[in-house]
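Hi everyone, thanks for coming. Let's take a look at today's structure together, starting with one small part and then stepping back.

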Amino acid sequence: MALEISRSQIPDKPALEGLEAKWDSAWEAAGTHRFDRENATKDNVFSIDTPPPTASGSLHIGHVFSYTHMDLIARYQRMQGKNLFYPMGWDDNGLPTERRVQNYYGVRCDPTLPYDAGFTPPLEGGENASSKAADQLPISRRNFIELCEKLTAEDETQFEDVWRKLGLSVDWTQSYRTIGDEAQTAAQRAFLRNLARGEAYQADAPTLWDVTFRTAVAQAELEDKEQPAAYHRLAFHAPDADVFIETTRPELLAACVALVAHPDDERYQHLFGTTVKTPLFGVEVPVRAHHLAQKDKGSGIAMVCTFGDVTDVVWWRELDLPNRTIIGRDGRIVADAPAAITGESALAAYAELSGKTVFSAKAKTVELLKASGEMIGDPKPIVHQVKFFEKGDKPLEIVSTRQWYIRNGARDETLRDTMLERGREINFAPDFMRVRYDNWVNGLTGDWLISRQRFFGVPIPVWYELDAEGEKGAVIVPGEDALPVDPASAPAPGFDESQRGVPGGFIGEVDIMDTWATSSLTPQIAGGWERDPQLFHLVFPYSLRSQGQDIIRTWLFSTMLRAQLENHSVPWKNAGISGFIVDPDRKKMSKSKGNVVTPAGMLDEHGSDAVRYWAASSRLGTDAAFDPQNPKQIKIGRRLAIKVLNAAKFVYGFPAPAEGLADSVTHPLDIDMLAELSTVVEAATAAFDAFDHAKALEVTEKFFWTFCDDYLELVKERVYSTDSPQGQASAVTALRSALEVMLRLFAPFIPFATEEVWSWTHDGSVHVSEWPTAPTEAKPTGLLALVGEALIGIRRAKTDAKASQKADVTSATIGGPAQLQLALDDLRDVGRIATIDFVESTEITVSDVVLTPTPLEN
């Protein structure tokens, strides 16, 4: 059970500074946010599948935005009496981490090198000081992984500090790492079961390849970027006349396997079924018809190469064309020419391209084509979309490789329909985000490629038998009780290490899993799947997945897929989707664009409650603009948090009513104020239940400022006065009741200021107190609004007379509905009016204001 938080003294001058450290420490010591396993039941647990941020560098403002949204729901549900299972994970393996380690330490991995037990990296803390491979020191795989583990551990500590300062109410005893043993075991177990059921398979296929990282890239990781290019008009030779094509990839001529035109294109129908010869290389290739050819693009007939883009892959597969791949995994033209290239001049032309980068090969090919007269005219510049790895710097190439895949519904209509149906079982907040999920599932073009040719990640847990000639044979798998395993360093079951790589022995898989193959199992990893069945039963399916909209296609879909394949279930009931943070020019903030704001300094400068207020002001699914030079919403949030402190100090400055008068709200204005607050509680509760935190904040904040600007002023004289003990008691009781309700309404949004105020009068934390219910059953009469309007009229009259608001008034006439008379005494006191003449009317009016002459005027 959690420990209690003791009361603290009301300070003379309440301030926000220092509250984050004070209350984070207190919450941790008291276990305020701890999951209560002992008293957990399936019905009372609210479980959150928390996004594990990539531990490779620094958090950015987008993290603060979306993680605050998640925490608002967490804090609300905790106050509703739910037992929160709210873990935190760190996504610490994969390409971003490796790239950061390379740049940070000035190293790169070379698996052929031996381990150096005393290795010291050439750089320490050199952020981006060594971003070129030529400048990086090659080190062994084991040395490289050790550096990855070291740097991610340091980054995770810094991330946790930021999250604590932001006030995320996660249970830090439930944290995990995606490279940790438990995560590796879960990922490898799931893979082995996928393999046993036929859902995981290995295949040789054209693969999107990042030449910088030297690894395959999945469809979900693609990003289209506009790039300059040029159309080159080339002549292919037919017996009767040349056929002209226009291509942006002349360097792939040696990989050409066909020309393709639309079946309805009359210009080329006579060529279908014939062959033409390629320029430079003289290879005969067929002319075929396919509906994907575009009659209005270029010359209307396209060169099919293996492989220039994803359309080439479709044509190659559907037209059953040969494979003449010439681009290697290093992004250079391979040494050996395709077998179809013969003849002395053709081989000589290819030899001039061999070993060159794609860029250099293009330039050389153009030079050769100009010399041969087979390029017509000059290149025509264009700008077009090119596919990149989302974290890469160079366009992707397509190479033929053997990779591991998991079936995702792209080629299985039944599974695709099941995934669409599962999507309909999830409550998307906002609902329009469901369309992005459906569009992704319907647009899948290939199974999920999960293998990566990298080093820091979860090993694919298989070995291969070697036959008498040393060729790969059957796959060998470990038992689940042996997990986690690393086939690159551990021998296969039934073999010893001396048999590695020898005929009749074995060889271990050296590829690792894509980082999404592990993070797609966050519900299983955090929930103790197969490790702690009781816990898993309590938390799965989870109550909430909260995330950004940009990873619906990756994290959300892949998690849905893994839960379907393994658990035949949705992984959670609700998906809260945050929008993007955009800069003042409405451009999405991202590291690649260089417009990211890091949150640590912002939290220091403005305070965490202010930053949380800014994030909470935006509804789920909507983008929020942020200008670091003029953060208006953050300043408003800071003003609100300070006002809560000061208003509370004022309210608690009056002792509680004496026995017999306590809990007695009798004055009509006090009753109506609490009735108005009751409607706010109902509206805020309904909004939170609908995952509309911004609406809950809006209605609460609006009432709070009315409370401060109008109600507090109206009853101030009454709470000071001893003339009417019952009137005073009514006001004090109403003030305290309202404040305690508003503290709980504000608690999810500004947790530090509300906890500070709560501690002045309570033991325990506001964050484990009950969510407020309506403070009165009375229905609002509108009296508070009427009095507030009259107060505005009195203030305006004094302003127009260029008098102080503290100026005494001899007499004034106030018009309004008869109900207004119920609060004339409070109006008289606050306006310092000796005599009020009331005139019943439909509208509020203040007239005939006679200021009391000052002694000097007398």
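Here is something to look for first: in which sense do strand β1 and β2 pair, and over how many bridges? Strand β1 covers residues 45-49, and the pairing with β2 is parallel, over 3 bridges. If you want a spot to zoom in on, find Phe46, which stands opposite Leu84 in β2. Please keep in mind that this is a predicted model.

Now let's widen the view to the sheet. These two strands belong to an open sheet of 5 strands, with parallel pairing, and the order reads β2-β1-β24-β25-β17. At the edges are β2, residues 83-85, and β17, residues 427-429; each has a single partner strand, so one side of each has no neighbour in the sheet. On average, neighbouring strands here are turned by 20° against each other, ignoring direction.

Next, please find helix α14, residues 552-567. This helix lies across β1, β17, β24 and β25, and runs at about 160° to β24. For orientation, β24 is residues 542-548 and β25 is residues 572-578.

Finally, the whole protein chain. There are 23 helices and 30 strands in it, and the C-alpha trace spans about 115 × 65 × 55 Å along its principal axes. Of the 858 residues, 55% are buried. Among contacts between residues at least 6 apart in sequence, 77% join residues at least 24 apart.

And a word on charge: the protein chain carries 87 positive and 122 negative side chains, with the centres of the two sets 3 Å apart. Thanks for listening!

Conventions. Residues are numbered from 1 along each chain as its sequence is written. This is a predicted model: local features need pLDDT of at least 70, side-chain atom pairs count only at pLDDT 80 or more; totals for chains, interfaces and linings use all residues. Side-chain values use heavy atoms; hydrogens and water are left out. Two strands pair if DSSP finds at least two bridges between them. Helices (H or I, at least four residues) and strands (E, at least two) are DSSP runs, numbered from the N terminus. Axes are lines fitted to C-alpha atoms, for helices over the stretch in contact, and angles run from 0 to 180 degrees between N-to-C directions. Contact means heavy atoms within 4.5 Å. Buried means under 20% relative accessible area, exposed over 50%, partly exposed in between (1.4 Å probe, protein chains only). Lys and Arg count as positive and Asp and Glu as negative; His and the chain ends are not counted. The place of a charge is taken as NZ of Lys, CZ of Arg, CG of Asp or CD of Glu.
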